[in-house]
Amino acid sequence: MRTVHKTCNLCEATCGVLIDVERDKVLAIRPDENDPFSRGHICPKAFALKEIHEDPDRLKKPLRRKGKDWEEISWEEALEEAASRLAEIQKKHGDNAVATYMGNPSVHNFGTLFYSQFLLRALGTRNRFSASSVDQNPKHASSLFLFGHILSVPIPDLDRTQYLLVLGANPVASNGSLMTAPDVRARLKDIQKRGGKVVVIDPRRTETAQMASEHHFIRPGEDAFFLAALLHTVIEEKLGREGPAASRMTGLEDLRKLVRPFSPEAVEARTGIAAAEIRRIAREFAKASCAACYGRIGTCLQEFGTLSSWLVDVLNLLTGNVDRPGGAMFTTPAVDLRTLANRTGNTGHYDVWRSRVRNIPEFNGEIPVACLAEEILTPGEGQIRGLLTIAGNPVLSAPNGVQMDKAFSRLGYYVAVDIYLNETTRHAHLILPPRWSLEQDNYEVAFHGFAIRNTAKYSPIVVEAGPGTKADYEILSDLTLRVLEKKAANPLRRAALGAARRLKALPSPRTLLDFLLRTGPRGDGYLPWKKGLSLKRLEENPSGVDLGALEPSLDQVLVAKSGKIELGHPLMGEQLGKLAGRLSKKLEKKNGELLLIGRRELRSNNSWGHNSPTLAKGSNRCNLIMNPYDADRLNLKKGEDVNIRSRVGEVVTRLSVSDEIMQGVVSLPHGWGHNREGIRQGVAGKNPGVSANDLTDEMPLEQVVGNAVLNGVPVTVSGVEA
Ligand SMILES: Nc1nc2c(c(=O)[nH]1)N[C@H]1C(S)=C(S)[C@@H](COP(=O)(O)OP(=O)(O)OC[C@H]3O[C@@H](n4cnc5c(=O)[nH]c(N)nc54)[C@H](O)[C@@H]3O)O[C@H]1N2
Ligand SMILES: Nc1nc2c(c(=O)[nH]1)N[C@H]1C(S)=C(S)[C@@H](COP(=O)(O)OP(=O)(O)OC[C@H]3O[C@@H](n4cnc5c(=O)[nH]c(N)nc54)[C@H](O)[C@@H]3O)O[C@H]1N2
Ligand code: SF4
Ligand SMILES: [Mo]
């Protein structure tokens, strides 16, 4: 028996696990007490690493659609077909006729993250989509507007802060996001133990809210009002404090004018939080020795998502908490994607082109996924006819799943790089299944960069996959060279690319990682006498290397052209103006209408954990939670099946009644709905649930980056007989 050290790559927390293996059999998965970051913490999901690894439904060979059935084909045939069909569509209809969609797990895999970039470049399409437009794009936009780089996201310094203000995140269940922190629960308790405070603003009394010092219900979608009122109070009561960023900020006078209308009294009715409470929170936040405001999914998936994310950062700035220990700090990881991007000049961009059908601005080279279906369904020049998805399940994860189903079924050619035949990939003409987590080595390049502590860890291959299997990076680099070869007009270039492919010309992830570590800010620079990092050094420290607490680094981080942090950013000014316009409008609500929000629970993993028997256990997890007042009013009883309707669709699910949710709001998790025809996920199919995104609407978009508004969706709920 041998024991292999690995970082669990199922969620952002990056916990260290020990995996006992006998020959090719995984015997046990245990927490790694010596991991300097996770310190022996794991969650129940870690066990899914074994179950998904052993899942008989997990695909191992390329699958080609044959009528209503599927046939296994060789890799050579599969890769050749995929590249030719995509290139053919592009030659005939232009590069933009092929779309790409990158899903969440691609960020958890070093190979996919890097090598997909080559393939996207080879395809050269403007129709790039990803899960980021149903996720964190508003946070990237705020970072771009304030600090000049989409990746410069200030991370709450959880282990030192004295006051954590959380909006729209439930890290005790989700294990944190853009705040990589194993064992959030313990770290939140520690804040309270050292005399600090945790305050949660959420329409639901979540697992995080339950252990917080305070929780306030907020009406969904109204966070920008609440945050603007906090800023109003800080400015009007002169509670601001000079922090490390003070000398870099400009436009304070503009900001003061912009937030003047948002007195706590003016936003009280909209937010549902009493003015006196808003004032108290602003004062306590500003007066804490150090404090961090943190907003996540709840604040991103709403109409004013970018503004909310920006106000979170500005609140941290004005109270002197950005770049201050115990405040919101930047990371200085061993492989810094930010400096890599700086070197290539790609720090992020906005509105350089627009989507064809709805004229929606691109953000960082991507069109919002809420626009994907219409780009496939609307005829005309530039219509999407071909699709490549990598580790994504947009039928369940993006708005209006039924329309997405319809669109995907009309595609001329669709190739999916995925481990399952699921709700999305069932529409593919070809599925290319990579080796999975335990069969690949990895380095959490993205999440080291968003972590509350600087550490570095390399995860080697745990179990060798048999011959005839391919890692994501091999599939992607092979496809890259084949696509380039097919698209090359010049025969010499075509021949060279063909030869390069046969020689496997792209470096392996190991080689690339070693290079990035050694030439990175903490690397040995290939100098034998220097004690910096290299792959070898990480391999000698299998539990990981601790690089210490977050360090002040604003001087290196700030790359805005002006060299300044612009508090009066024109776009954000415009957004605040629009928001102010809403202050005088009365809140309109149709009779019987409720606002639907999402939730996550510990034993789920977006749309694809449900085929793991351990995670699938437990009944009724896809319930609709409703406040007793609304249930009474609508004459609905706990445990009965209810019909939920929105503009785009309807679903039926079980009702839970609880005062953990505020009046007028209902909550349903996303990622369920495994009862669609033709999927191959036996365990998930037994307890399918319904898809929340069969209710969410693709039309309302976040005003700046076009994120889907997946929270605060108007729905009506009725008994099934009715
Ligand atoms: N209503 C609502 N919708 C939401 C959200 C919400 O809060 N509410 N949250 C949004 C968020 S934050 C996200 S990130 C998205 C997620 O949206 P997506 O990324 O589209 O979906 P996932 O459910 O993560 O599906 C991941 C896919 O990757 C495959 N996969 C797993 N591991 C690998 C691998 O190693 N290689 C490859 N090639 N494939 C793999 C799985 O089989 C699955 O098909 O959902 C979003 N949708
Ligand atoms: N167990 C588990 N862990 C996960 C995932 C998973 O599916 N399951 N997914 C992973 C992914 S991809 C991500 S991005 C992260 C996300 O991590 P989090 O951001 O922590 O996501 P959620 O747990 O969905 O928490 C969002 C919270 O926002 C609240 N909310 C909804 N609308 C509003 C609003 O308008 N205003 C406010 N203030 N709050 C609102 C919801 O009630 C909910 O409590 O989790 C990751 N971790
Ligand atoms: S918290 Fe996340 S990283 Fe840690 S064991 Fe659970 S799923 Fe894995
Ligand atoms: Mo996400």
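An oxygen atom of ligand 1 sits 3.3 Å from a polar backbone atom of Ala391, and that contact is a handy place to start a tour of this predicted model. From there we can look at how the protein wraps ligand 1, then visit ligand 2, which lies between two domains, and end at the second largest pocket, with about 800 Å³ of space.

**Ligand 1 and its surroundings**

- Besides Ala391, the backbone of Val417 takes part: one of its polar atoms is 3.1 Å from a nitrogen atom of ligand 1.
- Asp418 contributes through its side chain, where an N or O atom lies 2.6 Å from an oxygen atom of ligand 1.
- On its own, ligand 1 would expose 920 Å², and the protein buries 96% of that.
- Asp418 also appears among the closest of the 29 residues around ligand 1, together with Tyr101, Asn104, Ser397 and Ser607.
- By class, this shell holds 15 nonpolar, 10 polar and four charged residues.

**Ligand 2 and its surroundings**

- Three backbone contacts are worth finding in the viewer, and one of them places a polar backbone atom of Asn606 2.7 Å from an oxygen atom of ligand 2.
- Ser604 offers a polar backbone atom 2.8 Å from a nitrogen atom of ligand 2, while a backbone N or O atom of Gly168 is 3.3 Å from a nitrogen atom of that ligand.
- Ligand 2 has 930 Å² of accessible area when taken alone, of which the protein covers 98%.
- In total, 32 residues surround ligand 2, and the closest are Asp202, Gly221, Asp223, Glu601 and Asn606.
- The shell around ligand 2 divides into 10 nonpolar, 14 polar and eight charged residues.
- Two helices, α5 (171-174) and α12 (297-300), each give at least two residues to this shell, and α5 gives the most, with three.
- Why does ligand 2 lie between domain 1 and domain 2? Residues of its shell come from both domain 1 (137-333 + 562-580) and domain 2 (594-719), so the ligand lies between them.

**The second largest pocket**

- This pocket holds about 800 Å³ of space, and 26 residues line it, with Glu222, Glu303, Arg582, Leu595 and Gly712 closest to its centre.
- Strands β25 (593-597) and β30 (713-719) are the elements that supply two or more residues to the lining.
- The lining is made up of 10 nonpolar, four polar and 12 charged residues.
- Domain 1 (137-333 + 562-580) and domain 2 (594-719) each provide at least three residues of this lining.

Definitions and conventions:
Residues are numbered from 1 along each chain as its sequence is written. Chains are lettered from A and ligands numbered from 1 in the order in which they are written. This is a predicted model: local features need pLDDT of at least 70, side-chain atom pairs count only at pLDDT 80 or more; totals for chains, interfaces and linings use all residues. Side-chain values use heavy atoms; hydrogens and water are left out. A residue is near a molecule or strand if one of its heavy atoms lies within 4 Å of it. A polar contact is a pair of N or O atoms within 3.5 Å; within protein, one must be able to donate a hydrogen and the other to accept it, and residues adjacent in sequence count only if both atoms are side-chain atoms. Accessible areas come from the Shrake-Rupley method with a 1.4 Å probe; for residues, only the protein chains shown count as cover. Ala, Val, Leu, Ile, Met, Phe, Trp, Tyr, Cys and Pro count as nonpolar, Asp, Glu, Lys and Arg as charged, and the others, Gly among them, as polar. On a 1 Å grid over the protein atoms alone, a cavity is a set of points where a 1.4 Å probe fits but cannot get out, and a pocket is an open set with protein on both sides within 12 Å along at least five of seven lines; lining residues have an atom within 4 Å of a point. Grid points are joined across faces, edges and corners, and a volume is the space filled by probe spheres set on the points. Helices (H or I, at least four residues) and strands (E, at least two) are DSSP runs, numbered from the N terminus. Domain bounds come from an automatic or database domain assignment.
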